[in-house]
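These are my notebook entries on a structure that I am opening for the first time. I write down what I looked up, one place after another.

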Amino acid sequence: MKLFVWISLLLTLPVNFTVARYNYSYYGDVIHSAPGFTFAQYFNATTLGLNVNNQFTQPEDLIVYGDQIYIVTSGDSALYIINDRFELQLRKTSFDLSAELETQFIEEGKVVAPQTLNKPRGIDVKDTGIYIADTDNKRILKLNFDLEIVMIVDSIDDVTFESVEFEPAKITTDSTGRMYVVASNIYEGILELDTDGSFNRYTGVNPITLTPLEIFQRQFMTEEQISKLERYLPTEYTNVNMSDKNFIYSTSLPSANNDSNMIQLINPKGIDVLKRNGYHIPKGDIQFVVGMNNYVIDGPSRLVDVALYKDGIYTVLDTKRSRLFTYDSEGNLLYINGDAGNQSDRFSEGVALDYLKDRLVVLDRQLNQVIVYEHTEFGNKVNEAIGLYERGEFEAAAVIWEEVLTLNTNYEIAYNGIGKYYLRTGEFDKAIEFFAVGKDKFYYSKAFKQYRNQIIKDNFGYIIGAILLIPIGITTYRVVKKVRKGDELE
Amino acid sequence: MKEKLALVFNDYIKFPAFILTHPFDGFDDLKTQKKGKLSVAIIFMVLYALLRIFTYQYEGFLINERNPLNLNNLQEILSVVLIVGLFVTANWSVTTLMEGKGKFKEIFIVTGYALFPLIIIGFPGLALSNFLTLEEMPFYTLLMGIAYFLTGWMLFMGILNIHEYGLFKTVLAFIATIVSMLVMIFLGLLFFDLIQQFIAFITAIIEELGLRR
């Protein structure tokens with residue numbers, strides 16, 4: 001019966017796949033799953049009351065600060081501030097200089113005039129101010145909350161920028177105001193700029209490693225041949241987002257050698273510390289069509305933004321297939337949402353996303369609109385259980401996991417959650433059962449070890465008895481036999 | 001009954017174990033005194049196929065990476081038949097040209113007997129793998145490694161003795177056997193492809209005729 005259900009599920013997969021209500025099992029199979037988000041609302045130029053043409057076109061980046069959404073658009077090069085009821089609060093295209101910067105401008109003999117944006121592509125808002133990556137003006141603007149410019153960063157003191165122009169694309173800042181910038185055509189890593197805008201260093205640098213075979217081949221090549229080889233470029237970042245502990249979540253483009261670190265968590269030392277303990281490495285879709293094909297979308301996911309929720313849960317946006325992948329802090333894939341399409345409740349070219357309290361806002365560049373998602377019952381329960389587990393309330397978490405299982409029996413992570421509870425209470429036999437279903441080998445091994453010890457401890461007398469009695473029995477049997485034979489002989 | 005049991009024990013455990021520990025004397029007995037039985041070889045092969053199926057399904061959870069939904073008994077059995085069949089045929093065809101003294105039947109029996117360590121270690125090892133933790137799993141891997149090594153050893157010594165070769169010539173024969181196995185696989189695939197295209201051609205003609213009528 002179980003097998004039949006599995007097979008029928010697998011057969012109906014192509015149908016289910018089109019609406020992307022799926023998840024990946026331990027074995028990497030696509031299995032049916034409940035979605036974590038559901039459409040709540042959308043807003044665009046019309047609902048915001050912008051009737052003039054060419055307003056709110058090509059939105060590029062979105063960030064939530066407090067209960068306000070900040071959006072920059074490259075079509076009309078403007079900054080939008082929208083409140084949590086999705087009403088327009090402000091639209092601004094030119095910004096005055098602050099008094100301090102004005103005096104500085106006069107000292108340097110520059111023209112004091114309001115500054116406009118030119119196709120900005122990145123924005124970040126923190127307590128220290130509003131940071132805009134003003135891409136085509138090749139500068140970063142820092143505004144205060146009166147929307148006056150307090151700082152302009154337009155030249156970077158590094159050798160790289162003697163040959164390449166500084167085109168900031170995405171930006172994030174830490175709690176002290178240090179800026180982390182992803183710039184176009186920069187392969188050295190993420191730019192770290194100090195609070196005053198001076199260049200600090202590159203962080204998140206991924207060294208290229210060659211396989212022994214490649215090194216061997218290169219031994220026999222001339223300089224010319226090597227220069228004609230395909231160039232191995234380090235990771236090209238697409239977006240960065242600072243967590244409240246000043247660790248940077250980053251996404252990067254798929255390439256030949258970064259299959260396992262498309263999503264990174266870069267610590268202040270510049271090292272990737274993202275946990276990848278789930279069934280599969282967090283990288284969006286695990287199964288996809290490889291190779292040239294004009295009829296289906298092929299290749300790995302193209303992750304462009306990452307949004308942080310509470311308890312270490314984060315969501316990444318795949319712009320290629322318009323899907324949202326949500327992971328927990330351990331790297332477990334929690335739920336997948338995907339609604340590609342041109343209707344108001346779907347998005348066709350997601351470029352940015354962020355959490356607005358419990359809601360998720362996704363920015364669609366092509367349809368010039370923002371989709372607001374809220375959690376489904378399933379998504380809520382999963383988040384709650386993970387939160388409880390993070391805080392160490394294992395029993396409460398196990399209860400919620402049970403409820404999750406009634407909503408989605410295929411949900412392997414839930415079985416592990418319950419298993420961990422039983423492991424803590426010492427019911428090892430039950431724990432083993434749940435870990436076996438949840439396919440958690442590490443914890444299964446732990447529980448099994450305890451279970452085995454328990455059995456040995458309980459039956460220690462019998463085991464020792466058997467070990468002693470069996471050899472004694474056999475030897476006495478042999479002796480008796482010998483003695484009898486001896487008797488017969490005599 | 002007791003005698004029969006003793007005979008079975010002798011055929012299936014004692015004699016193969018004797019070959020394993022005394023390869024020269026053992027295979028000499030197998031060849032000259034006809035102690036090796038075809039039935040035993042076949043049973044060993046069947047047991048090996050069974051072991052493969054059981055390993056797929058029942059190997060300890062901590063080491064088993066195979067998806068139980070993908071288990072295909074026929075595929076497992078066929079792969080054993082294919083490997084053994086290919087090896088025996090290839091070895092026979094190579095060794096007849098290399099003045100080997102072994103007959104086809106003897107090569108087949110030796111191949112079957114060579115599976116003995118794998119079976120005698122494999123089944124208890126399989127059971128054991130269910131009682132080990134993750135840290136103890138290397139023991140199981142080591143055990144199976146030993147089993148495979150002994151099987152290879154037995155096969156090598158068997159071929160050496162059955163054909164009355166020297167060490168160097170046996171190695172050469174093995175290399176030649178592998179090459180000829182590859183050639184056979186290549187020819188087989190070619191044949192299948194041709195037949196497939198031929199059938200497709202015939203069906204296309206029939207279809208066309210049906211439409212023209």
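Entry one, the second largest pocket. In this predicted model, I looked up the second largest pocket and found that it holds about 860 Å³ of space. I listed its lining, which comes to 30 residues, and noted that K2(A), Y27(A), A436(A), K439(A) and P68(B) are the ones that lie nearest the centre. I then asked which helices supply at least two residues each to this lining. From chain A I wrote down helix 1 (2-11), helix 8 (412-425) and helix 9 (428-438), and from chain B helix 3 (38-58). Helix 1 of chain A gives the largest share of the lining, with 5 residues. Sorted by class, the lining of the second largest pocket has 15 nonpolar, 8 polar and 7 charged residues.

Entry two, T55(B). Having met helix 3 of chain B in the pocket lining, I picked out T55(B), which has its place in that helix. Is T55(B) buried or exposed? I noted a relative accessible area of 16% for T55(B), and since buried means under 20%, T55(B) counts as buried. A polar atom of its side chain lies 2.5 Å from the backbone oxygen of L51(B). Setting aside neighbours within four places in sequence, I found T55(B) in contact with N64(B), R66(B), L126(B) and Y140(B).

Entry three, the largest pocket. I looked up the volume of the largest pocket and wrote down about 1,000 Å³. Its lining is made by 35 residues, and those nearest the centre are M242(A), S243(A), D244(A), L308(A) and Y309(A). I checked which strands supply at least two lining residues each, and noted strand 4 (59-65), strand 10 (122-126), strand 18 (237-242) and strand 25 (350-356), which belong to chain A. The lining of the largest pocket divides into 16 nonpolar, 8 polar and 11 charged residues.

Entry four, H375(A). I turned next to H375(A), which I located in strand 27 (residues 369-375) of chain A. The relative accessible area of H375(A) is 9%, so this residue is buried. Which residues does H375(A) touch, not counting those up to four places away in sequence? My list reads G36(A), F37(A), Y309(A), Y335(A), Y355(A), D358(A), N380(A) and N383(A); Y309(A) had already come up among the residues nearest the centre of the largest pocket. The side chains of H375(A) and N383(A) are joined by a polar contact of 3.1 Å, and the side chain of H375(A) also reaches the backbone oxygen of D358(A) at 3.3 Å.

Entry five, strand 12 of chain A. I found strand 12 (residues 139-143) mostly covered, with 5 of its 5 residues buried. On one side the buried residues are R139(A), L141(A) and L143(A), and on the other they are I140(A) and K142(A). How does strand 12 pair with strand 11 (residues 129-134) of chain A? The two run in the antiparallel sense over 5 bridges, and Y131(A) stands opposite K142(A). They form a hairpin with 4 residues between them, and K138(A) in the turn has a positive phi of about 55 degrees. Strand 12 also pairs in the antiparallel sense with strand 13 (residues 149-153) of chain A, over 4 bridges, where I152(A) is the bridge partner of L141(A). This second pairing is a hairpin with 5 residues between the strands, and L147(A) in the turn has a positive phi of about 60 degrees.

Terms used: Residues are numbered from 1 along each chain as its sequence is written. Chains are lettered from A and ligands numbered from 1 in the order in which they are written. This is a predicted model: local features need pLDDT of at least 70, side-chain atom pairs count only at pLDDT 80 or more; totals for chains, interfaces and linings use all residues. Side-chain values use heavy atoms; hydrogens and water are left out. Buried means under 20% relative accessible area, exposed over 50%, partly exposed in between (1.4 Å probe, protein chains only). A polar contact is a pair of N or O atoms within 3.5 Å; within protein, one must be able to donate a hydrogen and the other to accept it, and residues adjacent in sequence count only if both atoms are side-chain atoms. Contact means heavy atoms within 4.5 Å. On a 1 Å grid over the protein atoms alone, a cavity is a set of points where a 1.4 Å probe fits but cannot get out, and a pocket is an open set with protein on both sides within 12 Å along at least five of seven lines; lining residues have an atom within 4 Å of a point. Grid points are joined across faces, edges and corners, and a volume is the space filled by probe spheres set on the points. Ala, Val, Leu, Ile, Met, Phe, Trp, Tyr, Cys and Pro count as nonpolar, Asp, Glu, Lys and Arg as charged, and the others, Gly among them, as polar. Two strands pair if DSSP finds at least two bridges between them.
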